[in-house]
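Here are some short exercises to work through with the model open beside you. Try each one before you read its solution.

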Amino acid sequence: MEEQELINCLKRKDPNCLSLLYDNYGGALYGNVIAIVKSEKIAEEVLQDAFMKIWDNIDSYDTAKGKLFTWMRRITHNLSLDKLRSREYQKSLKTDSSDQFVYVEKRDLLTEQFHDHLGLEKIMNLLSADQKQIVELAYLKGFTMKEIGDELDTPIGSVKTKMRQSFKILREQLGVQ
């Protein structure tokens, strides 16, 4: 189904379209959420809230302002940040058992080992400190170019230039054209 057809179907409030939307975008959005909240349980909760918000607010989506995925990603990103700032989340950090922390540490270690296996750390070290920081903020933390610029107090044009330079280096090292 084309994006515009999916949007029209969602605006008609067809429940089958919500399922189709989840099937097509759920994995990518979940990846963005988990990168921010670092908890599978909370990420699932945020993702469910995001899809309900998307469903309820589809009429406010404007195709002239960007793609559907970009709009949905912004919603999930904002909900993820809201969750991190919530009292409920802050309280859970204080009351989580030590077993949970061991699990998180183990999962993070496995992720690091997987990246090391792929040789990504070696390739990332070929980037300058600025370039590496920008790539990590964009792809590991889900920041937009504007958010990266704000975080690093750098003009967005400079952020984009450094990102392009980083991609060029990474493509060369990975043998991708």
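A residue counts as buried when its relative accessible area is under 20%, as exposed when that area is over 50%, and as partly exposed in between. Keep in mind throughout that this is a predicted model.

**Exercise 1. Take stock of the chain.**
Work out which elements the chain has and what share of its residues is buried.

*Solution.*
- Start with the elements: there are ten helices and zero strands. Read from the N terminus, the order is therefore α-α-α-α-α-α-α-α-α-α.
- Next, burial: 31% of the 177 residues count as buried.
- Then the surface: the accessible area is about 11,700 Å², and carbon and sulfur atoms account for 52% of it.
- Finally, the contacts: of those between residues at least 6 apart in sequence, 62% join residues at least 24 apart.

**Exercise 2. Decide where to read with care.**
Find which helix has the lowest mean pLDDT and which has the highest.

*Solution.*
- Begin with the whole chain: the average pLDDT is 81, and 81% of the residues score at least 70.
- Now go helix by helix: α6 (residues 98-118) has the lowest mean, 47, while α3 (residues 40-57) has the highest, 93.
- Look inside the weak region: over residues 101-117 pLDDT stays under 50, and the model has nine contacts beyond four places in sequence for this stretch.
- Draw the lesson: where pLDDT is low, the predicted coordinates should not be read in detail.

**Exercise 3. Describe a helix pair.**
At what angle do α3 and α4 pack, and how far apart are their axes?

*Solution.*
- Recall what is needed: a packed pair is described by the angle between the two axes and the distance between them.
- Apply that here: α3 and α4 (residues 68-85) pack at about 130°, with axes 9 Å apart.
- Classify the angle: about 130° falls outside the ranges for roughly parallel (under 35 degrees), roughly antiparallel (over 145) and roughly perpendicular (65 to 115), so α3 and α4 are oblique to each other.
- Add the handedness: the crossing of α3 and α4 is right-handed.
- Name the partners: residues in this contact include Val46, Ala50 and Ile54 of α3, and Trp71, Ile75 and Ser80 of α4.

**Exercise 4. Place two serines.**
Are Ser80 and Ser166 buried or exposed, and what does each one touch outside its local sequence?

*Solution.*
- Take Ser80, which sits in helix α4. Its relative accessibility is 0%, so Ser80 counts as buried.
- List its contacts: beyond four places in sequence, Ser80 touches Val33, Ile36, Val37 and Val46.
- Turn to Ser166, found in helix α10 (residues 156-174). Ser166 also counts as buried because its relative accessibility is 0%.
- List the contacts again: with neighbours within four places left aside, Ser166 meets Leu127, Gln131 and Val135.

**Exercise 5. Check two positive phi values.**
Where do Lys13 and Asp153 lie, and how exposed is Lys13 or Asp153?

*Solution.*
- Lys13 is a residue other than glycine with a positive phi, near 60°.
- Locate Lys13: the loop between α1 (3-11) and α2 (15-37) holds this residue.
- Judge its exposure: a relative accessible area of 31% lies between the two cut-offs, so Lys13 is partly exposed.
- Asp153, also not a glycine, has a positive phi near 50°.
- Locate Asp153: this residue belongs to the loop between α9 (145-152) and α10.
- Judge its exposure: at 72% relative accessible area, Asp153 is exposed, because the cut-off is over 50%.

Terms used. Residues numbered from 1 in each chain as written. Predicted model: local features only at pLDDT ≥ 70, side-chain atom pairs only at ≥ 80, totals over all residues. Heavy atoms only, no water. Helix = DSSP H or I, 4+ residues; strand = E, 2+ residues; numbered from the N terminus. Buried < 20%, exposed > 50% of the residue type's maximum accessible area, 1.4 Å probe, protein only. Contact = heavy atoms within 4.5 Å. Areas by Shrake-Rupley, 256 points an atom, 1.4 Å probe, with all protein chains shown as cover. pLDDT = per-residue confidence, 0-100. Axes fitted to C-alpha atoms, helices over the stretch in contact; angles between N-to-C directions. Left-handed = near helix turned anticlockwise from the far one by under 90°.
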